[in-house]
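Reader: Hello! I would like a close look at one part of this model, with the surroundings filled in as you go. Could you take me through it step by step?

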Amino acid sequence: MSIFFVAVIRSALAAILVVAGSAKLSGIDSFARTLRAVKLGPAKSSHAAAAIIALAEISLGVALVGSEPNLVVDVLVALLMAAFVVVAIRGARLDKPIACRCFGALTERRFGNAAITQASVLLLLALTAVTIEIFGSVSPSPPSIPTLLPTLAEYALLGMVSAQASRSLAKTGKGVSLR
């Protein structure tokens, strides 16, 4: 039973990471502005930091679906989610509300309680997967290449669709409000 829960959690987190990373990458300028606004590092390196974060999200998302349960990958995802909680809290404490761009131009949400709650739920999911792997009996057989390729192709398509949707919404200025 534990392997089922870990698989569900990892699939959900993978989809979220691929969508968020792809959307951020397609609108890297707005995400870099968000990083500058929350004062995460030097302003001159905000574009590089934005690209690294987006690529890390995509890479971890692919690693979640592209491998058997792996404690190292799951811990890295949990650390990333913990960083997102910190950023959400920091962004919510700013004097002037700014768009979080957690999902690129796909959303118009500003930092606040909703962003903190979302990041906290994702962290809780990631920590649940880690806990089950440490204390549960998770010992699946590795996925075969023929079984894995369609799944990876689906996530690649999901990422491309998310990036295109983000670009389209950025042009129209009409992201989804998730307040």
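Reader: Let us start from Lys 24: does Lys 24 count as buried or exposed? Please build outward from there.

Author: Happy to. Please keep in mind that this is a predicted model. Lys 24 counts as buried, because its relative accessibility is 3%, which falls under the 20% cut-off.

Now for the partners of this side chain. Lys 24 makes a salt bridge with Glu 57, and the closest N and O atoms are 2.8 Å apart. This pair links distant parts of the chain, since Lys 24 belongs to helix α1 and Glu 57 to helix α3, 33 residues apart. Glu 57 counts as buried too, because its relative accessibility is 2%. As a general point, side chains of opposite charge can pair when their charged atoms come close.

Lys 24 has an aromatic neighbour as well: it lies over the face of Phe 31, at 5.1 Å from the ring centre. Phe 31 is one of the buried residues of helix α2, which spans residues 28-37. The others on that list are Ile 28, Ser 30, Ala 32, Thr 34 and Leu 35. Just after α2, Lys 39 adopts a positive phi of about 55 degrees. If you are looking for ring-ring partners, a search of the whole structure finds zero aromatic pairs.

Helix α3 covers residues 46-65, and Ser 46 is in it. With a relative accessible area of 3%, Ser 46 is buried. The side chain of Ser 46 is joined to that of Arg 36 by a polar contact of 2.7 Å.

Back to salt bridges: the count comes to two. Besides the Lys 24 pair with Glu 57, there is one between Asp 74 and Arg 10, whose closest N and O atoms are 3.0 Å apart. Asp 74 sits in helix α4 and Arg 10 in helix α1 (residues 2-26), so this pair ties together parts that are 64 residues apart in sequence. Asp 74 counts as buried, at 3% relative accessibility, and Arg 10 is buried as well, with a relative accessible area of 4%. Helix α1 therefore holds a partner in each bridge: Arg 10 pairs with a residue of α4, and Lys 24 with one of α3.

Helix α4 also has a surface side to show you. Leu 71, Val 72, Val 75, Leu 76, Leu 79, Ile 134 and Phe 135 form a nonpolar patch on the surface, together offering about 680 Å² of accessible area. The elements that give two or more residues to this patch are α4 (71-92) and α5 (113-135). Helix α4 gives the most, with five residues. Take Val 75, which lies in α4: it counts as partly exposed, because its relative accessibility is 33%.

Helix α5 includes Asn 113, which is exposed, with a relative accessible area of 65%. The C-alpha atoms of Asn 113 and Ala 92 are separated by 7.3 Å, while the two residues are 21 residues apart along the chain.

To place all this in the chain as a whole, the secondary structure comes to six helices and zero strands. Of the 179 residues in the chain, 40% are buried. Lys 24, where you asked me to begin, is buried, with Glu 57 as its salt-bridge partner and the face of Phe 31 beneath it.

Note on methods. Residues are numbered from 1 along each chain as its sequence is written. This is a predicted model: local features need pLDDT of at least 70, side-chain atom pairs count only at pLDDT 80 or more; totals for chains, interfaces and linings use all residues. Side-chain values use heavy atoms; hydrogens and water are left out. Patches are made of residues with over 30% relative accessible area and no salt bridge: like charges are joined within 9 Å, nonpolar side chains (Val, Leu, Ile, Met, Phe, Trp, Tyr) within 5 Å. Accessible areas come from the Shrake-Rupley method with a 1.4 Å probe; for residues, only the protein chains shown count as cover. A salt bridge is a side-chain nitrogen of Lys or Arg within 4 Å of a carboxyl oxygen of Asp or Glu. Helices (H or I, at least four residues) and strands (E, at least two) are DSSP runs, numbered from the N terminus. Buried means under 20% relative accessible area, exposed over 50%, partly exposed in between (1.4 Å probe, protein chains only). Rings of Phe, Tyr and Trp (its six-membered ring) pair if their centres lie within 6.5 Å; planes under 30 degrees apart count as stacked, over 60 as edge-to-face and the rest as tilted. A charge sits over a ring if NZ of Lys or CZ of Arg is within 6 Å of the ring centre and within 35 degrees of the ring normal. A polar contact is a pair of N or O atoms within 3.5 Å; within protein, one must be able to donate a hydrogen and the other to accept it, and residues adjacent in sequence count only if both atoms are side-chain atoms.
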